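Biologist: Could you take me through one part of this protein in some detail? I would like a close look at the largest pocket, and then at the packing of the nonpolar residues.

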Amino acid sequence: MVLTRGVSMDVGFIGLGAMGRAMVANLLKAGHRVRVWNRSRAPMDELAREGAEPVEEARLAFGGVVISMLADDEAMREIILAPRLLETAPAGTVHVNMATISVRFAEQLAAEHQRHGVQYVAAPVFGRPDVAAAGQLNIVAAGDAAALDRVQPLLDVIGQRTWRVGPEPRQANAVKVAGNFMIAAAIESMAEAGVMVERYGVPAGEMLNVLTSTLFAAPVYKNYGALIAERRYEPAAFRLALGLKDMRLVLEAADSGRTPMPFASVLRDHLLEAVAQGQGEWDWAALAEVARRHAGLVV
């Protein structure tokens with residue numbers, strides 16, 4: 001990964017979870033000036049030691065380009081919309097929202113930004129925190145082409161490739177939740193297949209090693225297959241509770257778009273069952289434990 005790309009830019013960053021911290025670290029290494037804000041102070045202080053500039057209020061991160069990486073719709077409403085940050089944003093600000101949010105809320109955000117004259121780009125990502133730290137995320141972006149061109153040097157540092165999918169920000173969010181549905185479906189299929197072969201005396205890990213080395217030799221299958229084979233769900237790189245949130249977003253988008261997605265309902269129910277069993281903080285590869293429980297295997 002090449003971290004130094006072009007001219008240094010002035011950027012604000014809101015939301016310093018595991019993904020956000022990794023993104024900011026890479027922006028700093030690439031020579032960009034980064035103002036950071038987070039609800040808790042510790043991540044701000046950690047990044048300050050790497051050269052970031054902590055600010056006391058989220059509104060102070062706005063100006064030039066501001067990137068947000070918040071947990072969900074509610075966090076966006078609480079931190080961005082409720083304090084009316086868009087009304088006070090400096091002229092010419094571009095807001096890049098990299099969070100996974102609902103398609104419906106994406107439409108509302110786009111309208112609010114347009115009403116206040118703030119350019120808005122949706123750029124959710126595929127990849128876990130270790131991928132973010134390596135600057136190898138895949139970024140799905142949508143919005144005004146000129147605004148995207150302006151922020152592209154920053155996206156080039158954060159990810160290995162930016163996939164532009166259309167002029168409407170909601171289009172990126174639709175692709176993101178569709179992708180997360182496909183990841184959950186892959187996990188579920190490996191879990192069910194693994195339980196089935198165990199009934200015939202073949203360890204799930206053996207079967208998964210064969211198939212993820214041949215027919216399904218893709219990162220999603222290989223990485224989650226290894227977690228399922230080892231029943232290794234902690235520490236979680238992507239919490240199962242967040243997976244449940246995402247399946248709800250998929251079903252909401254499907255309902256709004258009049259698109260039947262029956263298997264998304266199955267995944268939602270299985271994720272909800274796992275949360276009810278106290279596994280919400282485990283990695284969502286723990287969907288495999290639901291399959292084991294349904295088959296009567298010891299969990």
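Modeller: Happy to; here is the pocket, followed by the nonpolar cores and one residue of a helix. Please keep in mind that this is a predicted model.

Let's begin with the pocket. The largest one holds about 1400 Å³ of space. Its lining is made up of 49 residues, and those closest to the centre are Met-19, Gly-127, Arg-128, Lys-176 and Phe-238. By type, the lining divides into 29 nonpolar, 13 polar and 7 charged residues. Helix 8, which runs over residues 169-198, gives the most to this lining, with 6 residues.

Now to the packing. In soluble globular proteins, nonpolar side chains tend to be buried together. Here the largest nonpolar core has 36 residues, of which Phe-13, Met-23, Ile-67, Val-96 and Met-98 touch the most other members. Among the elements that give two or more residues to this core are strand 1 (10-14), helix 1 (18-29), strand 8 (137-143) and helix 7. Helix 7 gives the most, with 7 residues. Apart from this core there is a second, separate one of 34 residues, including Ile-183, Leu-208, Met-247 and Leu-267.

Phe-13 deserves a look of its own. Leaving out residues up to four places away in sequence, Phe-13 touches, among others, Met-23, Val-24, Leu-27, Trp-37 and Ile-67.

Finally, back to helix 7, which spans residues 145-158 and contains Gln-152. Gln-152 counts as buried because its relative accessibility is 15%, and the cut-off for buried is under 20%. Beyond its neighbours within four places in sequence, Gln-152 is in contact with Thr-162 and Arg-164.

Notes. Residues numbered from 1 in each chain as written. Predicted model: local features only at pLDDT ≥ 70, side-chain atom pairs only at ≥ 80, totals over all residues. Heavy atoms only, no water. Helix = DSSP H or I, 4+ residues; strand = E, 2+ residues; numbered from the N terminus. Buried < 20%, exposed > 50% of the residue type's maximum accessible area, 1.4 Å probe, protein only. Contact = heavy atoms within 4.5 Å. 1 Å grid on protein atoms, 1.4 Å probe; cavity = no way out; pocket = protein on both sides within 12 Å on 5 of 7 lines; lining within 4 Å. Points joined across faces, edges and corners; volume = space filled by probe spheres on them. Nonpolar A, V, L, I, M, F, W, Y, C, P; charged D, E, K, R; others polar. Core = buried A, V, L, I, M, F, W, Y, C linked by side-chain atoms within 4.5 Å.
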